[in-house]
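This briefing goes through one protein model, topic by topic. Please keep the sequence and the coordinates open while reading.

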Amino acid sequence: MPTYFLTGANRGIGLEFVRQLASQTNTTIIAGVRSKSNDTSDLQALNKSNNIHIIECDVSSLDSLSSLEFRVAEILSKTGSNLDFLFNVAGINATSADTSLNLTPESVQNHMQTNVFGPTKIVQALEKYLARGAVVLNMTSGLGSLTSATGMTKCCTYSMSKAALNMLTLHQARDLKSKGIKVICMDPGWVKTRMGGKGAMIEAEVSVGSMLEVVGGLKEGDSGNFYRYDGAIVPW
């Protein structure tokens, strides 16, 4: 019975992950949301088999992350399982008009806190609960590729944070290798979500379904790779 933990579970790509995983047999999902006071009705509607556990996990908040281990451990003690998959989905692109000439310290700090330190702290907090052979997926972007994003002028702060997340992935892959844990970063493509905005081309159902296929087929030697949602390798 596989057990999943993911962030950003109440909307967008995160919600689609839960939708597809909840339909599978004997799957346990720990769904992290920024605040349980926000609208979680779509997420709750998926909990027909009572296999979804909704917890607060604000990846931008040190206070929230400091109590994450306790929240997850409490659920795992009841299910008698460890985590087989950890998906760091939540992220922000709050100042998409940023360029290298107008970005601010506040914007950089905000994006690095949410997009980089959040996934860092989550893996640190939950490392002891990752089963041997578990998979950690860090949701990144093609804009974090130094090779592919050379023509992009805006989204500077976001791109910087995703490039940093990619480097974090390499270090996590190395540091968790002895435990048989695979760590990858994944570009979901330009997905039709609120964050994706105008011009997005890929349906969330297609992106998430493809990513789950890639994750399900990973081998030990694949740890530390940068994938596109369809399994293609993305250049660093």
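**Sheet, helices and one loop residue**

Strands E1 and E2 run parallel and are joined by four bridges. This pairing belongs to a predicted model, in which an open sheet of seven strands follows the order E3-E2-E1-E4-E5-E6-E7 with parallel pairing. Strands E3 (52–56) and E7 (226–228) form the edges; each has a single partner strand, so one side of each lacks a neighbour in the sheet. From one strand to the next, the twist averages 20 degrees.

**Strand E1 and its partners**

- Within the pairing of E1 and E2, Tyr4 has Ile29 of E2 as its bridge partner.
- Between E1 and E2 the chain passes through helix H1 (residues 12–22), and this β-α-β crossover is right-handed.
- E1 also runs parallel to E4, with three bridges joining the two strands.
- Leu6 has its bridge partner in E4, namely Phe87.
- E1 is covered on both faces: Thr3 and Phe5 are buried on one side, and Tyr4 and Leu6 are buried on the other.

**Strands E5 and E6**

- Strand E5 (residues 130–139) and strand E6 (residues 182–187) run parallel and are joined by five bridges.
- Asn138 has Cys185 in E6 as its bridge partner.

**Helix H4**

- Helix H4 (residues 68–79) packs on the sheet, where it touches strands E1 (3–6), E2 (28–33), E3 and E4 (83–88).
- The direction of H4 makes about 160 degrees with that of E3.
- With twelve residues, H4 reaches 17 Å from its first C-alpha to its last, close to the 16 Å expected at 1.5 Å a residue.
- Leu68, Val72, Ile75 and Leu76 are the buried residues of H4.
- These residues lie on the same side of H4, because they cover an arc of only 100 degrees around the axis.
- Their packing partners are E1, E2, E3, helix H3 (62–66), E4 and helix H5 (105–126).
- Phe70, Ser77 and Lys78 are exposed, on the face of H4 turned away from its buried side.
- Gly80 follows H4 and has a positive phi, near 70 degrees.

**Helix H7**

- H7 has 13 residues and should therefore span 18 Å at 1.5 Å a residue; its end C-alpha atoms are 18 Å apart, which agrees.
- The buried residues in H7 include Ala204, Ser207, Val208, Gly209 and Ser210.
- Met211, Leu212, Val214 and Val215 of H7 are buried as well.
- Among the elements that cover the buried residues of H7 are H1, E4, E5, E6 and E7.

**Gly189**

- Gly189 is located in the loop between E6 and helix H7 (204–216).
- The relative accessible area of Gly189 is 23%, so this residue counts as partly exposed; the cut-off for buried is under 20%.
- Leaving aside residues up to four places away in sequence, Gly189 touches Ile202 and Tyr229.
- Glu220 is 31 residues from Gly189 in sequence, and the two are 24 Å apart in space, C-alpha to C-alpha.

Conventions
Residues are numbered from 1 along each chain as its sequence is written. This is a predicted model: local features need pLDDT of at least 70, side-chain atom pairs count only at pLDDT 80 or more; totals for chains, interfaces and linings use all residues. Side-chain values use heavy atoms; hydrogens and water are left out. Two strands pair if DSSP finds at least two bridges between them. Axes are lines fitted to C-alpha atoms, for helices over the stretch in contact, and angles run from 0 to 180 degrees between N-to-C directions. Contact means heavy atoms within 4.5 Å. Buried means under 20% relative accessible area, exposed over 50%, partly exposed in between (1.4 Å probe, protein chains only). A crossover is right-handed if, with the strands pointing away from the viewer, the path from the first strand over the helix to the second runs clockwise. The expected span of a helix is 1.5 Å times one less than its number of residues. The arc is that of the directions from the helix axis to the C-beta atoms.
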